[in-house]
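Here are my notes on the model you sent over. Have the structure open while you read.

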Amino acid sequence: MVYEESTYDYVAKWTEKTQIKYVPHAKKGNTKSAERYEQYSQARTVGEALLLGAKAEDFLHDYQRKFIEVKRLKVEVFDSIEDQRQTHESFFSHFPPASAAALRARSDKTFKALTLAQALGVDLQDAQKLREGNETLEMTVGRLLADRTAQVVLEAVEKDGRRVTDCEVLSVLRLWMFKKNETRQNVLPEGQQWVHSDTFGLIRSRTGQYMVTNATREYPHVTQILNTWLHDRRPPQLDERFPCTSISLNSGYAAKRHRDGNNEGPSMIRGFGDYSGGQLAYWPDDDKSCPVENLVHEDRIPMDISKGLVLFDGNRGHEVDSFEGERFSVVWFSLGKFWKVQQEERDFLTHCGFTIPEGPDMGPISKLLPPPRGYTKCQSLGKMFGLKSADKAKVWQWPEEPNREEDKAAAKLLSAFNQQMETQVRGRRRGGVAAATAEPKGKPGPLAAAFGQASLGQTSADVGDEAEASPATPANMKDSTMADQAMSGEKRKRGRTQKRAVDAEEPEQKRVAHKALEPTSAEEATSSAEEPSCTAADAAAAEVASKLRATNGPEASNFSSLIFNPELAARTAAPVESFSLLAEALQAAANHPHPAVPLTNYFRFIAHHSASLETQLCDVLELLASATQVSSTMLRSAVKEAFGVTVPESDDVASAALRGCQQRTQAVSSQSPSVAAVVGMRASPSAKRIGDLLIALGSEGRSVVYLVLLLQGLTRVSRSTVLSALGHAFALIQPPCPQDGRVAQQRIYKSVEARHATMVAMERSITLAFGEVGGSSKQLVAALLRGCHASQLFAECSPRCGTPILPMNIQKSDDVELVLAKMASSAAVTMEPRHVGQVVQIHSKDNSLEIYGSDHRNLVGSLDKSQVKAVRSAVKTDCVIEAVLEENGNFVAVDCLVLNGEPLTRESLRNRKAAINKAVAPNDRLGVVHCEEVSMSDMTPETVRELLKEAKSQSWSGLALKSLTSEYEASAESTSSFSLVLSSSDAEGA
């Protein structure tokens with residue numbers, strides 16, 4: 001029987017102590033094998049099975065046939081390969097030589113991966129949770145190391161103002177652990193079932209949805225280093241960067257003749273590695289008039305892609321010649337109809353260094369690929385027209401000459417980085433203290449050998465003594481992790497361009513400002529009604545934030561990491577209660593493609609280390625989730641008070657505060673103000689109190705700026721993001737219990753699916769609970785610290801009369817087709833007019849009436865007495881009614897959220913509509929909105945547009961479509977209710 005590689009991989013982790021369980025009577029028939037199975041299947045460990053007559057090969061056979069279930073397979077970390085082998089050898093020795101050798105090789109590979117994990121400070125449990133799909137632990141660690149290496153290189157080239165070199169790209173490619181790709185059937189060499197091929201950037205799912213690959217999101221620096229390498233080598237024929245949305249990364253196979261599918265065509269390719277052969281053969285005049293297999297060999301143009309970039313059309317026939325050695329190929333291309341991608345994905349890909357045109361026109365690159373002339377009847381052009389080889393279609397290749405200085409710098413960097421990793425491995429083995437002694441110069445260590453990378457452990461003869469210098473990476477790199485935030489490729493490019501221009505005394509190139517606080521996700525782009533909209537000052541705030549990266553250096557606490565360790569972060573973090581620590585998390589969130597990640601890690605950190613966790617969580621939520629703002633006039637006065645800087649109205653306050661902070665020379669207290677101090681100040685703000693806090697922050701530029709931005713409401717971290725992060729944090733930790741002496745602990749799940757489901761549930765439940773208690777962080781935090789699960793939060797934080805509920809945000813759109821498509825699956829839908837006016841809540845309890853406006857202030861004292869009297873007479877029972885206060889002073893009830901003390905927010909809209917009729921007896925000042933249940937099959941775009949025109953004639957702002965089965969999503973954006981308005985073009989036609 002031929003055993004699969006996965007079988008060897010798994011059995012290689014076993015020892016004689018491994019606990020197992022056999023399937024009863026799995027082997028049938030009257031055979032000796034079945035008789036032996038009946039005996040050894042009673043065993044509970046591998047050692048017992050051997051004693052009961054199992055042969056070593058039985059383990060491979062039975063595991064592959066799923067006769068064995070392994071219980072509690074623990075991954076152990078050993079001090080050396082020798083220790084690992086001694087532990088496993090007594091088991092491996094029972095196997096035939098060939099099988100034993102295969103198992104030893106895999107066991108050694110596991111050891112090397114775990115060694116790397118130790119060196120990088122990766123928690124093995126976190127790494128196993130991070131890995132997705134069929135990633136093994138070894139694959140995850142290898143990919144993390146590739147990503148970390150790419151990050152180190154990118155930081156170095158930005159600092160040195162040079163290009164990324166071929167050897168630096170090759171070092172990353174050698175570390176990258178490829179998956180077996182069985183989907184690329186059009187390229188599979190004959191006899192192969194899979195190839196090593198991964199895609200970065202944009203892909204299309206089976207349902208046709210455009211999405212960014214997991215590899216791009218989890219390991220962003222690998223994507224960025226490939227794009228940076230390409231942008232550094234822009235051909236002179238191009239006035240701008242090569243447009244592309246995706247990268248195909250290939251290793252160790254010669255693709256058979258094929259045409260790409262779902263590709264716009266223009267593609268760049270480059271080969272890396274030490275190999276011979278492997279040329280790309282291309283049919284530039286292939287017009288697809290014949291099967292690709294019938295293209296004539298004489299018409300192809302072979303090109304050595306190891307010598308430089310090659311431009312080709314992936315939709316025309318091409319193949320790879322056989323080769324010997326180590327060969328990687330990188331292909332940059334654009335996905336078919338890429339211009340339809342959503343803005344969120346476009347922003348993320350641009351952040352990773354891709355250049356994506358707005359429409360189908362791909363610019364000057366298309367002119368370099370003239371239309372194919374075709375090969376009539378798939379014959380040779382030479383045979384048809386007597387053409388000479390020189391008459392073949394022109395193909396573009398840009399050979400590249402080595403740059404000796406850049407290669408020296410790269411060799412020095414990689415050697416130093418490898419030595420630092422080796423030092424960390426030895427230091428961790430000795431108890432966490434890095435050893436001072438380095439490996440002998442020029443000798444590759446076990447990290448280099450782990451992935452066959454002798455080049456990382458030694459340098460060329462040209463480098464000389466420079467190889468002992470430290471790498472260009474933060475000093476605290478040993479406690480950081482790989483999945484740090486993706487740095488902007490555009491920013492790196494600008495830095496290198498500027499330095500090279502200065503060195504060569506050339507004019508400075510025009511550069512586009514990098515906006516660090518630009519929203520990068522759909523939830524960030526959509527702010528709730530209570531949150532301030534973006535203004536011109538917002539863009540200025542983004543410019544300030546970009547300056548902060550140079551002012552403050554790398555984040556000490558590593559909040560951006562996807563593998564965050566609160567204990568490691570505690571070594572370098574600011575005091576847990578300090579505002580400086582919160583400012584660091586806010587800056588990380590503003591620069592992160594997923595802003596909730598740094599905030600989740602911040603919440604996890606304070607849960608582990610805060611001595612007054614409940615108070616601090618309440619203070620943080622009060623700062624981040626509240627819409628309270630301080631006037632610009634007061635802030636300008638505060639900056640003048642603190643730094644003596646006059647801030648003109650045309651100037652940005654945050655920028656002025658940063659300048660004043662940097663110019664300050666007077667010594668200040670070394671203790672940063674606490675979050676509680678900032679909350680106390682904002683409760684009763686004055687220029688003097690704000691100025692005192694700015695002075696206390698001293699030279700902390702980041703803290704000064706984020707204090708100003710918080711008071712302006714311009715941090716660009718939305719309330720929904722903050723609540724999502726809080727939900728994720730409490731899904732990942734068990735909160736501390738001081739009464740029982742229990743500290744915060746990591747929450748353990750049986751599966752990744754369970755962990756993900758809990759995070760989603762906690763995110764939603766916390767968001768709704770926060771809204772239902774009117775934004776009362778104290779009530780919500782108390783419930784969380786009691787260990788409430790998602791399903792328990794509604795009972796702990798239910799809405800009640802007298803506390804204004806944060807309103808649900810209904811999506812507004814003039815795209816009729818889009819709304820109808822989103823509502824198409826709703827079984828029951830109601831349509832109602834959207835009245836013009838202010839959304840209010842009417843709270844009635846025990847004959848007491850309160851009417852809260854959009855700012856949660858009681859309006860009863862400001863309303864006409866006749867209005868209040870009419871409302872009081874119309875409301876028949878204790879309830880909370882959502883209504884619209886029209887300009888004429890009349891109220892229109894649209895929803896019922898509480899009835900007779902019972903919360904209805906989690907009830908269906910149909911039930912809530914029925915409750916309105918029980919709670920309200922309409923009169924001339926308080927009416928009930930008219931609604932009509934409609935069938936979506938009758939709702940054509942033309943019909944809806946006519947209804948919208950009629951609504952406009954009635955002075956309504958539009959029409960609302962709501963699912964009758966939907967809940968009231970307090971403080972969140974509704975996923976099943978939409979407000980339709982008439983578009984300007986339709987309005988003109990009216």
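The points below cover the nonpolar cores and the aromatic rings.

1. First, the ground rules. This is a predicted model, where local features need pLDDT of at least 70, side-chain atom pairs count only at pLDDT 80 or more, and totals for chains, interfaces and linings use all residues. Residues are numbered from 1 along each chain as its sequence is written, and side-chain values use heavy atoms, leaving out hydrogens and water.

2. The largest nonpolar core (buried Ala, Val, Leu, Ile, Met, Phe, Trp, Tyr and Cys joined through side-chain atoms within 4.5 Å; buried is under 20% relative accessible area, exposed over 50%, partly exposed in between, with a 1.4 Å probe and protein chains only) has 86 residues. Tyr602, Phe603 and Leu694 have the most contacts inside it. Helix α21, residues 579–591, gives the most to this core, nine residues (helices are DSSP runs of H or I, at least four residues, numbered from the N terminus).

3. Apart from that core lies another, of 68 residues, with Tyr275 and Phe348 among them. Arg217 lies over the face of Phe348, 4.6 Å from the ring centre (the cut-offs: CZ of Arg or NZ of Lys within 6 Å of the centre and within 35 degrees of the ring normal). Likewise, Arg270 has its charged end over the ring of Phe272, at 5.2 Å from the centre.

4. There are 18 aromatic pairs (Phe, Tyr or six-membered Trp rings with centres within 6.5 Å; planes under 30 degrees apart are stacked, over 60 edge-to-face, the rest tilted). Phe338 and Trp339 are edge-to-face, because their planes stand at 80°, with centres 5.3 Å apart. Phe338 is buried at 0% relative accessibility, while Trp339 is partly exposed at 26%.

Terms used. Helix = DSSP H or I, 4+ residues; strand = E, 2+ residues; numbered from the N terminus.
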